[in-house]
Amino acid sequence: MKHQISLSREKRGLGHPEAAALIKDAVRTALAAEGVSEPCLIGVVLTDDEGIRRVNREFRGVDRATDVLSFPFSEQLPGAFDAAACERDPESGRALLGDMMISLERCAAQGEEFGHGFEREIRYLTVHSVLHLLGYDHVDEGKMKKQMREREKEIMGDKDE
């Protein structure tokens with residue numbers, strides 16, 4: 001059984017038809033790099049700045065758009081995935097890892113701003129979010145952020161500029 005990445009678009013006409021394939025590839029790459037062989041289920045919602053701002057305000061109390069939001073379904077230790085800590089999807093038996101929401105609008109703008117384009121940015125945001133689902137965080141400027149940034153760079157590897 002393979003990982004299942006369930007993608008949905010919050011609104012019609014968001015563009016970027018290649019986003020789904022790029023996200024699925026980045027999720028699988030990140031899970032493999034983290035040694036997650038247990039079949040997992042991850043939900044991905046693609047939206048725009050307005051949609052992600054609404055969710056950011058509702059769930060985090062931050063009234064501004066962001067690039068990606070992550071909603072882990074279990075507590076994990078970075079680098080030590082514990083399938084037993086996950087609830088299971090009743091239909092497939094897959095481990096419920098969590099959900100992510102990506103603003104395609106913000107992703108495109110950041111890809112242009114940073115000069116590496118949409119494809120690299122969507123891969124990076126996806127890897128970043130998967131790491132959050134696996135317990136990584138960057139709440140401070142210390143050890144945790146450094147650990148997360150190092151893993152992002154390693155996972156992006158040859159997909160990086």
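At what relative accessibility does Leu104 count as buried, or is Leu104 exposed? In this predicted model, the value for Leu104 is 1%, so the residue counts as buried. The legends below begin with the overall fold and then turn to individual sites.

**Figure 1. Overall view of the predicted chain.** The chain contains five helices and four strands, arranged along the sequence in the pattern β-α-β-α-β-β-α-α-α. Its radius of gyration is 15 Å, in agreement with the value near 15 Å that a compact globule of 161 residues would have. Along the principal axes, the C-alpha atoms fill a box of roughly 40 × 35 × 30 Å. Buried residues make up 45% of the 161 residues. Among contacts with a separation of 6 or more, 70% join residues 24 or more positions apart. The exposed surface of the chain amounts to about 8,600 Å², of which carbon and sulfur atoms supply 47%. The chain carries 23 positive and 31 negative charges, and the mean positions of the two sets are 1 Å apart.

**Figure 2. Close-up of Leu104 in helix H3.** Leu104 has a relative accessibility of 1%, which places the residue in the buried class because that class lies under 20%. Not counting residues up to four places away in sequence, Leu104 touches Arg9, Leu14, Gly15, His16, Ala19, Leu46, Thr47, Phe118 and Ile122. One of these partners, Ala19, is 85 residues from Leu104 in sequence, yet their C-alpha atoms are 8.4 Å apart in space.

**Figure 3. The buried and exposed faces of helix H3 (residues 104–114).** Leu104, Cys107, Gln110 and Gly111 are the buried residues of this helix. Viewed down the axis of H3, these buried residues fall within an arc of 125°, and they therefore line one face of the helix. An α-helix has 3.6 residues a turn, so residues three or four places apart point the same way. The buried residues of H3 pack against strand S1, helix H1, strand S2 (40–47), strand S4 (95–103) and helix H4. On the face turned away from the buried side, H3 carries the exposed residues Glu112 and Glu113. After H3 comes Gly115, with a positive phi near 75°.

**Figure 4. His16 in the loop between strand S1 (4–9) and helix H1 (19–33).** The phi of His16 is near 55°, a positive value in a residue other than glycine. Most residues other than glycine have a negative phi. His16 counts as partly exposed, with a relative accessibility of 24%. His16 is also among the residues touched by Leu104.

**Figure 5. His128 in helix H4 (residues 117–133).** The relative accessible area of His128 is 8%, and the residue is buried. Apart from residues up to four places away in sequence, His128 touches Val68, His138, Met148, Arg149 and Glu152.

**Figure 6. Leu131, a further residue of helix H4.** Leu131 has a relative accessibility of 0% and counts as buried. Leaving aside neighbours within four places in sequence, Leu131 is in contact with Glu34, Tyr136, Met148, Arg151, Glu152 and Ile155. Met148 and Glu152 also appear among the contacts of His128. Leu131 and Arg64, 67 residues apart in sequence, are separated by 23 Å from C-alpha to C-alpha.

**Figure 7. Ser74 in the loop between strand S3 (68–72) and strand S4.** With a relative accessibility of 12%, Ser74 counts as buried. Ser74 touches Ala85 and Cys86, when residues up to four places away in sequence are not counted. The C-alpha atoms of Ser74 and Ala95 are separated by 9.8 Å, and the two residues are 21 residues apart along the chain.

**Figure 8. Gln76 in the loop between strands S3 and S4.** Gln76 is buried, and its relative accessible area is 8%. Residues up to four places away in sequence aside, Gln76 touches Phe81, Asp82, Ala85, Cys86, Leu133, Leu134 and Gly135. Ala85 and Cys86 are likewise touched by Ser74. Between Gln76 and Tyr136, 60 residues apart along the chain, the C-alpha separation is 8.1 Å. Tyr136 is in turn one of the contacts of Leu131.

Key. Residues are numbered from 1 along each chain as its sequence is written. This is a predicted model: local features need pLDDT of at least 70, side-chain atom pairs count only at pLDDT 80 or more; totals for chains, interfaces and linings use all residues. Side-chain values use heavy atoms; hydrogens and water are left out. Helices (H or I, at least four residues) and strands (E, at least two) are DSSP runs, numbered from the N terminus. The radius of gyration is taken over C-alpha atoms; the globule rule is 2.2 Å times the number of residues to the power 0.38. Buried means under 20% relative accessible area, exposed over 50%, partly exposed in between (1.4 Å probe, protein chains only). Contact means heavy atoms within 4.5 Å. Accessible areas come from the Shrake-Rupley method with a 1.4 Å probe; for residues, only the protein chains shown count as cover. Lys and Arg count as positive and Asp and Glu as negative; His and the chain ends are not counted. The place of a charge is taken as NZ of Lys, CZ of Arg, CG of Asp or CD of Glu. The arc is that of the directions from the helix axis to the C-beta atoms.
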